[in-house]
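This report describes the fold and the packing of one protein chain. It begins with a helix and then turns to the chain as a whole and to selected residues.

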Amino acid sequence: MAESDAPSADRVHVTVQGRGVDDVLPDLRDAGLEVDEALGGLGIVTGRAAPDAVERLRGIPGVTVEPESGVQLPPPDAPVQ
């Protein structure tokens, strides 16, 4: 599959509970997560995953997967709300 034909990857945050981050990383990668950052002390892993991979990630015991939400700030010269 050419890179331009590949499904787009969404940024996700994975919260790990009841398992160590280092323990779950191989499962996350096998399910299709491209890991950007693993924050072991916080139990959070950030990365990118295609929509079908997100569904596989949600099937891993001890993890919660949430899409990253963006924040849109107004321009500096916008009136205060």
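Helix α2 has the buried residues Ala-53, Val-54 and Leu-57. The arc that they cover around the axis is only 105°, which puts them on the same side of α2. The partners against which these buried residues pack are β1, α1, β3 and β4. The model is a predicted one, and every value below is computed from it.

**Helix α1**

Helix α1 comprises residues 21-31, and its buried residues are Val-21, Val-24, Leu-25, Leu-28 and Ala-31. An arc of only 130° around the axis holds them, which puts them on the same side of α1. On the face turned away from this buried side, α1 carries the exposed residues Asp-22 and Asp-30. The buried residues of α1 pack against four strands and a helix, namely β1 (10-16), β2 (34-39), β3 (44-49), β4 (63-67) and α2 (51-58). Just after α1 comes Gly-32, with a positive phi of about 115°.

**The chain as a whole**

Two helices and four strands make up the secondary structure of the protein chain. Their order along the sequence is β-α-β-β-α-β. The radius of gyration is 16 Å, whereas the globule rule gives 12 Å for 81 residues; the value is well over the rule, so the chain is more spread out than a compact globule. The C-alpha trace spans about 50 × 35 × 20 Å along its principal axes.

Of the 81 residues in the chain, 26% are buried. The chain exposes about 5600 Å², and carbon and sulfur atoms supply 51% of that area. Among contacts between residues at least 6 apart in sequence, 58% join residues at least 24 apart. The chain has 6 positive and 15 negative charges, and the mean positions of the two sets are 4 Å apart.

**Selected residues**

Four residues serve as examples of the packing. Their places and accessibilities are listed below.

| Residue | Place | Relative accessibility | Class |
|---|---|---|---|
| Val-12 | strand β1 | 2% | buried |
| Thr-46 | strand β3 | 11% | buried |
| Ala-53 | helix α2 | 3% | buried |
| Glu-68 | segment after β4 | 37% | partly exposed |

Val-12 counts as buried because its relative accessibility of 2% falls under the cut-off of 20%. Leaving aside neighbours within four places in sequence, Val-12 is in contact with Leu-33, Val-45, Thr-46, Gly-47, Val-54, Val-65, Glu-66, Pro-67 and Glu-68. One of these partners, Glu-66, is 54 residues from Val-12 in sequence, yet the two C-alpha atoms are 5.6 Å apart in space. Another partner of Val-12 is Val-54, which is itself among the buried residues of α2.

Thr-46, in strand β3, also counts as buried, at 11% relative accessibility. With neighbours within four places in sequence left aside, the contacts of Thr-46 are Arg-11, Val-12, His-13, Glu-34, Val-35, Asp-36 and Glu-37. Of these, Arg-11, Val-12 and His-13 are also touched by Glu-68, not counting residues up to four places away in sequence.

Glu-68 lies in the segment after β4. Is this residue buried or partly exposed? At 37% relative accessibility, Glu-68 counts as partly exposed, because that value lies between the cut-offs of 20% and 50%. Between the C-alpha atoms of Glu-68 and Val-54, which are 14 residues apart along the chain, the separation is 12 Å.

Ala-53 belongs to helix α2 and, at 3% relative accessibility, counts as buried. Which residues does Ala-53 contact, leaving aside its neighbours within four places in sequence? The contacts are Ala-31 and Gly-32. Ala-31 is one of the buried residues of α1, and Gly-32 is the residue with positive phi just after that helix. The C-alpha atoms of Ala-53 and Leu-28 are separated by 9.3 Å, with their positions 25 residues apart along the chain. Leu-28, like Ala-31, is listed among the buried residues of α1.

Conventions: Residues are numbered from 1 along each chain as its sequence is written. This is a predicted model: local features need pLDDT of at least 70, side-chain atom pairs count only at pLDDT 80 or more; totals for chains, interfaces and linings use all residues. Side-chain values use heavy atoms; hydrogens and water are left out. Buried means under 20% relative accessible area, exposed over 50%, partly exposed in between (1.4 Å probe, protein chains only). The arc is that of the directions from the helix axis to the C-beta atoms. Contact means heavy atoms within 4.5 Å. The radius of gyration is taken over C-alpha atoms; the globule rule is 2.2 Å times the number of residues to the power 0.38. Accessible areas come from the Shrake-Rupley method with a 1.4 Å probe; for residues, only the protein chains shown count as cover. Lys and Arg count as positive and Asp and Glu as negative; His and the chain ends are not counted. The place of a charge is taken as NZ of Lys, CZ of Arg, CG of Asp or CD of Glu.
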